[in-house]
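Welcome! Please take a moment to look over the sequence and the structure shown here, and then read on at your own pace.

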Protein chains: 2
Amino acid sequence: MNPFRTKPNPITDDGDGLTFCSSCAFAGVCHSEGYDKSALQELHCLVQHVGPYPAGTLLFREGDPFNAIAAVRSGMVKTFRIDASGRKQVLGFFLLGEIIGLDAIHSARFPCNAVALDTVSLCRFSFPMMATLATRMPGLQTQLFRLLSQDINKAAAMAGDFSADERMAAFVLSISRRFASRGFSPNRFALSMSRTDIGNYLRLAAETVSRVVRRFQDEGLLLVDRREFEILDMARLRCLALPLLRE
Amino acid sequence: MNPFRTKPNPITDDGDGLTFCSSCAFAGVCHSEGYDKSALQELHCLVQHVGPYPAGTLLFREGDPFNAIAAVRSGMVKTFRIDASGRKQVLGFFLLGEIIGLDAIHSARFPCNAVALDTVSLCRFSFPMMATLATRMPGLQTQLFRLLSQDINKAAAMAGDFSADERMAAFVLSISRRFASRGFSPNRFALSMSRTDIGNYLRLAAETVSRVVRRFQDEGLLLVDRREFEILDMARLRCLALPLLRE
DNA sequence: CGGACCCTTGAATTATGTCAAAAGGGGTGG
DNA sequence: CCACCCCTTTTGACATAATTCAAGGGTCCG
């Protein structure tokens, strides 16, 4: 009955001292530039594998001193902050290979909290060491600039004025693409976050998320069972999400 | 009758080969690190003064190849994009010393348009050259990282779910602070953008901007004459803007 | 002096939020 | 294996902030 029985099989290699995990945002930094093995070793030296942390673990909290960024090695992470009037704003969900903490560079403190949505392992990169290394590895510096710049664009896209339908469509499509680029199915995936979290991320009430998802199902766009999603009409979804899509 | 007769007097020095314009985002990069004069000269060598451009000049447009960032030397710049359904989203307003173009690094193309809101002069920095220089000047690299990270936070703040009052209060306060840090009055300033632009930035209809401004006046928070603003009750304004404020 | 544009104001509409309650799973313990 | 409880999700009814539509009034500029 459940159409989501078959789960995608994560390919989470740990790197071998010469290459990074294939899905990591830093994969390719070296090879593209033809760096020698010593530089590569250096990059690996400043990586620290941490975790696994069980679902619900608070990875860092707002105000914590910043000293490292992290790439998700497995699981899913949510970042959020609680504003002055107690409202929760979800800033992002981070999938395999995505980088957490770039927003903390500015003030040298984390501007938000991060929590594991399921069992999470991370690669921790000392940022001071990485910045130093980046002075000797222009490719690494470039990649850091690009990642930072990309996050500006992501945040700006969320800041736009879009309808609930557009936001929801863009959200589903974004997850789909990010899973797809990591070798998972673009059509079927399981989300780890609650409707409330999705709502706080998309700036919608949880009830609105629920209603939009229902309507998308009624209209044949999606097939949803609890937190498992199947995209039935990618084209129409993309069409809806068009105003928000930015890459 | 007009309470805004006295205009603030801009202090826009042009640098002298040893120091940068005092309000520029790159001011202090060198001195803080004790670099020698040659490094400083290099930084100055990659700066190109451009403009002045009259109000309405399109400085770059979405899709243009990216090769340089720019600091505002005088005037005010607006960046915006038109989404797939024709809606205009204003991404930011840039004051004296603020850096435009950091969001273009990621894709090597400008993701938005930029237009001069009044007479605008810029300092243009070749980004490839700057990045190269940053490998030899850690202080410059750090500053670039910080500026990029700051922009993530700015964009994320705009992405939150706030009322029209909160957004408007935060907007006025933000302008006030930015003017103040450049030596202008925090209490009186003239905006160069239309209500429509403010609305597109704050994700509000122009009519809503107008109504909120009126109410703020009725409540004694502001004194507004066309595009000239005077803040009468900074404390209450700050209180309103609290949920949005982030630095 | 005319025209264009911007801003303001009012009235009606609407998308989304809020409140409340019920339904559905999943886990736990008997 | 069932009964119960807790938590998330769904659904409905209602409330409301903000938009939209429409008109009028200022102001600036040619």
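The sections below go through the contacts between the protein chains and then those with each DNA strand.

## Two matching chains

A word before we start: this is a predicted model. A good place to begin is with the two protein chains, chain A and chain B. A turn of 180° with a shift of 0.0 Å along the axis lays chain B on chain A, and the RMSD is then 0.0 Å. The two copies are thus related as by a two-fold rotation axis.

The way they touch fits this picture. Of the interface residues of chain B, 100% are also interface residues in chain A, so the copies meet through the same surface.

## Where the chains meet

How many residues of chain B are in contact with chain A? There are 41 of them, and they touch 42 residues of chain A. About 3,800 Å² is buried between the two chains, with 57% of that area coming from carbon and sulfur atoms. On the chain B side, the residues that lose the most area to chain A are His106(B), Phe145(B) and Ile152(B), and together they make up 19% of what that side buries.

Polar contacts also link the chains: 21 residue pairs are counted between chain B and chain A, with both partners at pLDDT 80 or more. Which elements of chain B give two or more residues to this side? They are strand 5 (88–94), helix 2 (127–136) and helix 3 (138–158) of chain B. Helix 3 of chain B has the largest share, with 14 residues. Sorted by class, the side of chain B that touches chain A holds 21 nonpolar, nine polar and eleven charged residues.

## Salt bridges

Over all chains, a search of the whole structure finds 20 salt bridges. Two salt bridges are found across the interface of chain B and chain A. In one salt bridge, the side chain of Glu166(A) meets that of Arg87(B), at 2.8 Å from N to O.

Glu166(B) and Arg87(A) also meet through their side chains in a salt bridge, with an N to O distance of 2.8 Å. This pair crosses between chains: Glu166(B) sits in helix 4 (residues 164–180) of chain B, while Arg87(A) lies in the loop between strand 4 (77–82) and strand 5 (88–94) of chain A.

## Around DNA strand C

Now for the DNA. Which residues come nearest to DNA strand C? Among the 17 residues around this strand, they are Ala164(A), Thr208(A), Arg211(A), Ser210(B) and Arg214(B). Of the atoms of DNA strand C that come within 4 Å of the protein, 61% belong to sugar and phosphate. The surface near DNA strand C includes nine charged, five polar and three nonpolar residues. At least two residues each come from helix 6 (206–218) of chain A, and from helix 5 (195–202) and helix 6 (206–218) of chain B. Helix 6 of chain B gives the largest share, four residues.

Some individual contacts are worth finding in the viewer. A polar backbone atom of Ala164(A) is 2.8 Å from a phosphate oxygen of DNA strand C. The bases are reached too: an N or O atom in the side chain of Arg211(A) is 2.8 Å from a base oxygen, and a polar side-chain atom of Arg211(B) lies 3.0 Å from a base nitrogen.

## Around DNA strand D

DNA strand D is surrounded by 16 residues, and the closest are Ser210(A), Arg214(A), Ala164(B), Thr208(B) and Arg211(B). Sugar or phosphate accounts for 66% of the atoms of DNA strand D within 4 Å of the protein, and bases make up the rest. Helix 6 of chain A and helix 6 of chain B each supply at least two residues of the surface near this strand, and the largest share, four residues, is from helix 6 of chain A. By class, the surface near DNA strand D has three nonpolar, four polar and nine charged residues.

Several contacts here involve phosphate oxygens of DNA strand D. One phosphate oxygen is 2.5 Å from an N or O atom in the side chain of Arg214(A). A polar side-chain atom of Arg227(A) lies 3.1 Å from a phosphate oxygen. From chain B, a backbone N or O atom of Ala205(B) lies 3.0 Å from a phosphate oxygen of DNA strand D.

Terms used: Residues are numbered from 1 along each chain as its sequence is written. Chains are lettered from A and ligands numbered from 1 in the order in which they are written. This is a predicted model: local features need pLDDT of at least 70, side-chain atom pairs count only at pLDDT 80 or more; totals for chains, interfaces and linings use all residues. Side-chain values use heavy atoms; hydrogens and water are left out. A residue is near a molecule or strand if one of its heavy atoms lies within 4 Å of it. A polar contact is a pair of N or O atoms within 3.5 Å; within protein, one must be able to donate a hydrogen and the other to accept it, and residues adjacent in sequence count only if both atoms are side-chain atoms. Ala, Val, Leu, Ile, Met, Phe, Trp, Tyr, Cys and Pro count as nonpolar, Asp, Glu, Lys and Arg as charged, and the others, Gly among them, as polar. Contact means heavy atoms within 4.5 Å. Buried area is the accessible area (1.4 Å probe) that two parts lose on being put together, summed over both. A salt bridge is a side-chain nitrogen of Lys or Arg within 4 Å of a carboxyl oxygen of Asp or Glu. Copies are superposed by least squares on the C-alpha atoms of residues with pLDDT of at least 70 in both.
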